[in-house]
Amino acid sequence: MKPPVTIAVTGAAGQICYSLLPRIAAGEMLGKDQPVILKLLELPIDQVQKAMRGVAMELEDCAFPLLQGLSLHAEAADAFKGANWCLLVGSKPRTKGMERADLLKDNGKIFVEQGKIIDEVAASDCRVVVVGNPCNTNCMIAANQAKRLPKENFTAMTRLDQNRARTQLAKKAGVKVTDVENIIIYGNHSPTMYANFNNAKVKGKAVTEVIKDRAWLEGEFLATVGKRGAAIIEARGSSSATSAANACIDHVRTLTTVGPDLHSIVVCSDGSYGFAKGVWASMAVKTVAYGKYEVIKDQPLTDFCKAKIKATNDELVGERDTVKEMLG
Ligand code: NAX
């Protein structure tokens, strides 16, 4: 049996974690032969802590063979201590009438604190995945606190957007999702994101050769992917949870499995593809070792792609300006 991997997860009483935690404990994220220890963090509020205890009771009742430890925390320093992975799902939701700038700043405070603490107490190989929104900027803020851990160990999640785009292309082309490859998300996890259909393939052929309806690709397809989160809230009355948890599983599993496939994660921009240096933007990466990725810098971009990337980059630069005093 391998030694266990310790995974700290924030927002443990929330709806994404309700779907995410059992899948981690069942071995779907790190493998069916990999024991795990879960350390769950929630706000130090009685009602919330109580709800987290309920989640923990259910995890116990699943009798997962791989779950070798489970602890509940109200203090970030306890939860992150010794963690090999920190999945930062918890964040402050946007409330009615709240300005986006206030949302960025309120969440920024959480990620300044959590980034600092992770850097101090987590395992030296710790990888951090930010799910809580606005996830690109939250990830930038947390990574900027790190002095010991390399910035590359911090990534944020756009895998849900990639999965959404893949399914929309598969439906339109009338093929299986596994027939669609190389659909990569560029930019912010927000409606400005760009799902780059130009380099995607269907059964090895360019998507644009298979789906000849260019107006659909440039219009309805991008709008459907960009506004899918809002459509789910409208239909379900609450935001994506199962699909977000699934995307987090995919994000980590792909990041720990070496292979040639390109996948979308949010990383620190070095200026590639026209993103401003230092903003955290989604782009194509390839996993080169467990938890290590290489940014793919040679994906060709049409003028249409460049204009889309400019728009999402402008938004990321604006977000960075809003939180500039939190960047350490
Ligand atoms: P919920 O509101 O159901 O749960 C969030 C939980 O986080 C709450 O229980 C809250 O008490 C906890 N929390 C808040 N601040 C915390 C802190 N400082 N430390 C620990 N816990 C804290 O939200 P849920 O639906 O689970 O979504 C969680 C986050 O994921 C939200 O920010 C949401 O916007 C974001 N999403 C990100 C996605 C992505 O693709 N990157 C997609 C899905 C989702 O929208």
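Me: Which residues touch the most other members of the largest nonpolar core?

Reply: A nonpolar core is a set of buried Ala, Val, Leu, Ile, Met, Phe, Trp, Tyr and Cys residues joined through side-chain atoms within 4.5 Å. Buried means under 20% relative accessible area, with exposed over 50% and partly exposed in between (1.4 Å probe, protein chains only). In soluble globular proteins, nonpolar side chains tend to be buried together. Here the largest core has 72 residues, and Ile 7, Val 9, Leu 87 and Phe 221 touch the most other members. Helix H10 (residues 242-255) gives the largest share, 7 residues; helices (H or I, at least four residues) and strands (E, at least two) are DSSP runs, numbered from the N terminus.

Keep in mind that this is a predicted model, where local features need pLDDT of at least 70, side-chain atom pairs count only at pLDDT 80 or more, and totals for chains, interfaces and linings use all residues. Residues are numbered from 1 along each chain as its sequence is written, and side-chain values use heavy atoms, leaving out hydrogens and water.

Me: Why does this core lie between the domains?

Reply: Domain 1 (5-156) and domain 2 (159-324) both give residues to the core, so it lies between them. Those bounds come from an automatic or database domain assignment. Apart from this core lies another, of 32 residues, including Ala 8 and Ile 117.

Me: What is Val 9 in contact with, leaving aside its neighbours within four places in sequence?

Reply: Contact means heavy atoms within 4.5 Å. On that basis, the partners of Val 9 include Cys 17, Leu 20, Leu 41, Leu 87 and Val 89.

Me: Now to pockets: what volume does the largest one have?

Reply: On a 1 Å grid over the protein atoms alone, a pocket is an open set of points where a 1.4 Å probe fits, with protein on both sides within 12 Å along at least five of seven lines; lining residues have an atom within 4 Å of a point. Points are joined across faces, edges and corners, and a volume is the space filled by probe spheres set on them. The largest pocket has about 1500 Å³. Among its 46 lining residues, Ser 91, Pro 93, Val 131, Gly 132 and Asn 133 are the closest to its centre. H4 gives the largest share of the lining, 5 residues, and each of the two domains supplies at least three.

Me: Which residues are closest to the centre of the second largest pocket?

Reply: They are Arg 159, Gln 162, Arg 166, Asp 261 and Leu 262, of 18 that line it. This pocket holds about 380 Å³ of space.
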